[in-house]
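Biologist: I am new to this structure. Please show it, and then tell me how the terms are meant.

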Amino acid sequence: VQLTENELEGLLSRARLMDTQALGQIHDLYYPQIYRYIYFQLDDEQASQQIADIALQGLIDVFHKGVSSKGKLDGWLLKASDKQVQYYQRQSGIPGAIESTQAGAESLETTDSNNPQKETSWGRRLVHLALRQLDPEQQRFLALRYAQERSPEDIATLTGRNLAEVKALQFRALQSLRRFLEVEG
Amino acid sequence: MDDTQVRALDVCLQRMQTGKDLQQVLEFYPQFSDQLRPLLEAAEVVQWYGKIIQVPEIAQAKSRSRFTQAELSPPVAAPTPAREPSGWIKIISLALALLVILVGTWSIIAARGALPGDFLYPMKIALERTRLQLTNDPLRRLGMEQAYDEERLGEVKSLLQTPRPESVQFAGGLSQMGGSNWQVSGIRVVVPADAQIIGNVEEGIYVIVEGTVQPDGSVLAHRLQPREFDLSGKLQNFLPDRLTVAGIPIEVSVETLVHGSPQVGNPVHVSAYLLLDGNFQARLVEAADQIEE
């Protein structure tokens, strides 16, 4: 669902008054993108559901305090999600970035072209293992770029960095990912 | 990494998002092709990974319900790593897991039979590309490429029976090219005057056809080019009429271009056409030292 800045401002005003219809629309808008962002990093359905839920529930307090723009709302949700992801990773002993040998120790099954189910699962697992070896900043960038389908310009605005830095990060992230994909493959 | 390459990568990624394929976008930056190709391939893989994430509708609905009645609901506990469940939780989890497996299996089976225009078709293509990108053995890779070509051909033949006006891209043997009606692996391909023909397209070789399925059961071509296979490996022999690379015999003709000085025992790269009789014919043979330049 794509809303204009004005439409979203209207929704936020109504949400501040706890208008359930407006709250529902905001949830419809944000849940899928927050869930995808988290799942991209964790590859864990249950944890992703819970974290997306917590991040969105936190918005209620933000509405009470007043939130002035879509940019601030997006930024708040991103930070809230990152915080919960980091907390989960600490609790479960998953560092943001892991060594190649550790990832390999999780015994990636070999592909089997006669078994498409195993093949898709293998491809997905392989990409996840490679992603986990990137540093957290690169992981978050790729999650914004490919799970939320944001442009580098959008990511620069959202994260408060300049565009040249973001494009350099994009280059480094894909370079590292390629290297780790080859290692895992 | 320099700024020019960083900018070039970004432009290539933007162009890929508009539907251009990897080869097309690399043509804008031939000087960086070797540096950018692996990164763009990684981008294709991670893009596929991002697209296969399915948002769970039931969990979303439950979260929505809590969200819209937030002031009435108790706060949600932060997630913790999985603990050993007990009793009825195990039964429900098992049932949900079974459901997920069934839905997942259905998706994968459906993707396997997906045709151009189907929702799951991009997943099918992305998965094939992932497997190709991660296969280094030249013989195995060649077998996979040919199997995927056969798959594309089968998809187009299925579409022609419908026929759905979908955009298609497939490779097949060009057995007849008289007038505007060509025959490519048994498929009638209509080639209008304004169709783009790239490279040396001629009868007797495999070609790539990009076009649209027509209601009369033909494919209207927009673009045609020879189907080339990239074969790299150790040069095992190099005779006037044939050579062997990584165990793959390849015919050599007077039109074959040779770059550098390929030596038996050294690595080479060969770009080859596939002929209707199943043999390969070298278009270009490059010595490894030439490739590095």
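Modeller: Buried means under 20% relative accessible area, exposed means over 50%, and partly exposed lies in between (1.4 Å probe, protein chains only). This is a predicted model: local features need pLDDT of at least 70, side-chain atom pairs count only at pLDDT 80 or more, and totals for chains, interfaces and linings use all residues. Residues are numbered from 1 along each chain as its sequence is written, chains are lettered from A and ligands numbered from 1 in the order in which they are written, and side-chain values use heavy atoms, without hydrogens and water.

Biologist: Why is Glu145(B) called buried?

Modeller: Its relative accessibility is 12%. Buried means under 20%, so the word fits.

Biologist: What makes Arg141(B) partly exposed?

Modeller: Arg141(B) has a relative accessible area of 28%. That value falls between the two cut-offs, so it is partly exposed.

Biologist: How do you know that Glu145(B) forms a salt bridge with Arg227(B)?

Modeller: A salt bridge is a side-chain nitrogen of Lys or Arg within 4 Å of a carboxyl oxygen of Asp or Glu. Here the closest N and O atoms are 3.3 Å apart, so the pair counts. Glu145(B) lies in helix α7 of chain B and Arg227(B) in the loop between β6 and β7, so the pair ties together parts 82 residues apart in sequence.

Biologist: Why are Arg152(B) and Glu128(B) called a salt bridge?

Modeller: Their N to O distance is 2.6 Å, so they meet the rule. Arg152(B) is in helix α7 and Glu128(B) in helix α6 of chain B, 24 residues apart. Helices are DSSP runs (H or I, at least four residues) and strands likewise (E, at least two), numbered from the N terminus.
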